[in-house]
Amino acid sequence: MDVFNCILSTNDSSFIMWLAIVMFCVSPTNSTTCTLTVNNENLYRTIEECRIEMRSMVDMFTSRGVFSQGTCVEIGVST
């Protein structure tokens with residue numbers, strides 16, 4: 001379901017989506033080696049869905065020896 005249809009189907013006066021953000025660093029002791037990745041093409045309807053995707057991205061980087069951390073951020077839209 002795309003964001004537009006999801007907004008139309010809500011009975012709430014506000015609409016919440018979740019955005020996965022992952023930071024990865026080649027060297028965990030040097031912040032200049034860090035990069036943030038945000039998948040703004042794919043917002044999630046629940047924090048659980050977001051955490052699953054974020055965790056898989058963190059695990060992929062970690063399995064390659066790259067330090068990474070992730071979080072999910074609440075994105076609100078007023079209707």
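Trainee: How much area does the chain expose, and what share of it do carbon and sulfur atoms supply?

Mentor: This is a predicted model, and in it the chain exposes about 5400 Å². Carbon and sulfur atoms supply 54% of that area. As for the interior, 25% of the 79 residues count as buried.

Trainee: Which elements make up the chain, and in what order do they run?

Mentor: The secondary structure comes to two helices and three strands. Read from the N terminus, the order is α-β-β-α-β. Of the contacts with a separation of 6 or more, 62% are between residues 24 or more positions apart.

Trainee: Which elements have the lowest and the highest mean pLDDT?

Mentor: pLDDT is the predictor's confidence in each residue, from 0 to 100. Across the chain the mean is 83, and 78% of the residues reach 70 or more. Among the elements, helix H1 (residues 3-9) has the lowest mean, 43, and H2 has the highest, 95. Over residues 1-11 the pLDDT is below 50, and this stretch has 12 contacts in the model beyond near neighbours in sequence.

Trainee: What span does helix H2 have, and what span is expected?

Mentor: Helix H2 covers residues 47-63, 17 in number. From first C-alpha to last it reaches 24 Å, close to the 24 Å expected at 1.5 Å a residue. After H2 comes Gly-65, with a positive phi near 80°.

Trainee: Why do the buried residues of H2 line one face of the helix?

Mentor: Start with the general idea. An α-helix has 3.6 residues a turn, so residues three or four places apart point the same way. Now the case here: the buried residues of H2 are Ile-47, Cys-50, Met-54, Met-57, Val-58 and Phe-61. Seen down the axis of H2, they fall within an arc of 100°, so they line one face. On the other side of H2, Glu-48, Ile-52 and Ser-63 are exposed.

Trainee: Ser-56 is also found in H2. Is Ser-56 buried, exposed or partly exposed?

Mentor: A residue is partly exposed when its relative accessible area lies between the 20% limit for buried and the 50% limit for exposed. Ser-56 has 37%, so it is partly exposed. Its C-alpha is separated by 9.9 Å from that of Gly-70, 14 residues apart along the chain.

Trainee: Where does Ser-68 lie, and what does its side chain reach?

Mentor: Ser-68 lies in strand S3, residues 67-78. Its relative accessibility is 5%, so Ser-68 counts as buried. The side chain of Ser-68 reaches the backbone oxygen of Val-58 at 3.2 Å, and Val-58 is one of the buried residues of H2. Leaving aside neighbours within four places in sequence, Ser-68 is in contact with Val-22, Met-23, Phe-24, Val-58, Phe-61 and Thr-62.

Trainee: What is Val-66 in contact with, leaving aside its neighbours within four places in sequence?

Mentor: The place of Val-66 is in the loop between H2 and S3. With those neighbours left aside, Val-66 is in contact with Phe-24, Cys-25 and Phe-61. Phe-24 and Phe-61 also appear among the contacts of Ser-68. A C-alpha distance can be read as well: Val-66 and Cys-34 are 32 residues apart along the chain, and their C-alpha atoms are separated by 10.0 Å.

Trainee: Is Trp-18 buried or exposed?

Mentor: Trp-18, placed in strand S1 (residues 14-25), has a relative accessible area of 14% and is therefore buried. Not counting residues up to four places away in sequence, Trp-18 touches Leu-43, Tyr-44, Arg-45, Thr-46, Ile-47, Cys-50, Cys-72, Val-73 and Glu-74. Ile-47 and Cys-50 are among the buried residues of H2. The C-alpha atoms of Trp-18 and Glu-49, 31 residues apart along the chain, are separated by 8.5 Å.

Trainee: How far apart in space are Asn-40 and Trp-18, C-alpha to C-alpha?

Mentor: They are 9.8 Å apart in space and 22 residues apart in sequence. Asn-40 lies in the loop between strand S2 (34-38) and H2. With a relative accessible area of 56%, Asn-40 is exposed, whereas Trp-18 is buried.

How values were computed: Residues are numbered from 1 along each chain as its sequence is written. Side-chain values use heavy atoms; hydrogens and water are left out. Helices (H or I, at least four residues) and strands (E, at least two) are DSSP runs, numbered from the N terminus. The expected span of a helix is 1.5 Å times one less than its number of residues. Buried means under 20% relative accessible area, exposed over 50%, partly exposed in between (1.4 Å probe, protein chains only). The arc is that of the directions from the helix axis to the C-beta atoms. A polar contact is a pair of N or O atoms within 3.5 Å; within protein, one must be able to donate a hydrogen and the other to accept it, and residues adjacent in sequence count only if both atoms are side-chain atoms. Contact means heavy atoms within 4.5 Å. Accessible areas come from the Shrake-Rupley method with a 1.4 Å probe; for residues, only the protein chains shown count as cover.
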